Amino acid sequence: MALALDQARLAWAQGEVPVGAVVVKDGEVIATGYNQPIGRHDPTAHAEIVALRAAAEKLGNYRLPGCELYVTLEPCIMCSGAMMHARLARVVYAAPDPKTGACGSVLNLFEQEKLNHHTEVAGGVMAQEASSMLKAFFAERRAASRKPPGAP
């Protein structure tokens with residue numbers, strides 16, 4: 001999760017919401033990603049999707065069996081769906097997302113029995129660190145939006 005937090009810092013440095021993700025297979029990091037929807041002009045460029053795409057490219061397969069994804073914020077519905085389609089073995093997230101979280105905060109897509117693949121989910125790993133980073137990012141954005149135009 002520490003590597004995912006490093007990825008989140010890269011997102012913040014580019015003005016993106018600081019969320020980072022890492023894909024691991026057999027104990028080895030095979031892909032990383034961080035939020036880039038603003039810079040890429042792509043609503044699907046969430047950290048998880050960026051990492052999943054890189055992992056699939058590296059493995060030469062759109063399915064990622066035996067892989068685990070670590071992400072600093074509870075995945076949304078889009079990302080959770082992509083994780084299930086990729087056949088991830090496990091998803092581990094840090095901070096819960098009470099507005100869009102699809103691992104239990106708003107709904108739990110992974111508990112839907114009618115779906116044909118079930119990914120193991122664990123949350124709360126390094127949650128304080130991830131949550132603090134997100135809070136600081138949004139506090140900084142709110143403070144910047146209150147400054148008059150042209151103010152230093």
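Helices here are DSSP runs of H or I with at least four residues, numbered from the N terminus. In this predicted model, helix 3 spans residues 47–59 and contains E48.

E48 is the residue covered by the "active site" annotation in an unreviewed UniProt entry. Its relative accessible area is 4%, and because buried means under 20%, E48 counts as buried. Leaving aside residues up to four places away in sequence, E48 touches V19, A21, L69, V71, L73, P75, C76, C79 and M83.

Two of these neighbours, L69 and M83, also appear among the residues with the most contacts inside the largest nonpolar core, alongside V23, L52, L64 and L88. That core has 41 residues. Among the elements that give two or more residues to it are helix 1 (2–13), strand 1 (20–25), strand 3 (67–73), helix 4 (77–85) and helix 5 (127–146). Helix 3 gives the most, with six residues. V23 touches residues including V29, I30, L52, A55 and L69, not counting residues up to four places away in sequence.

Turning to the aromatic rings, the structure holds two pairs. In one, the ring centres of W12 and F137 are 5.7 Å apart and the planes stand at 90°, so the pair is edge-to-face. This pair links distant parts of the chain, since W12 lies in helix 1 and F137 in helix 5, 125 residues apart. W12 is partly exposed at 24% relative accessibility, whereas F137 is buried at 1%. F137 also pairs edge-to-face with F138, at 5.0 Å centre to centre and 80° between the planes. F138 is partly exposed, at 35%. W12, F137 and F138 together form one aromatic cluster.

Methods:
Residues numbered from 1 in each chain as written. Predicted model: local features only at pLDDT ≥ 70, side-chain atom pairs only at ≥ 80, totals over all residues. Heavy atoms only, no water. UniProt positions renumbered as here; feature names shortened; annotations may be inferred. Buried < 20%, exposed > 50% of the residue type's maximum accessible area, 1.4 Å probe, protein only. Contact = heavy atoms within 4.5 Å. Core = buried A, V, L, I, M, F, W, Y, C linked by side-chain atoms within 4.5 Å. Phe/Tyr/Trp six-rings, centres within 6.5 Å; stacked < 30°, edge-to-face > 60°.
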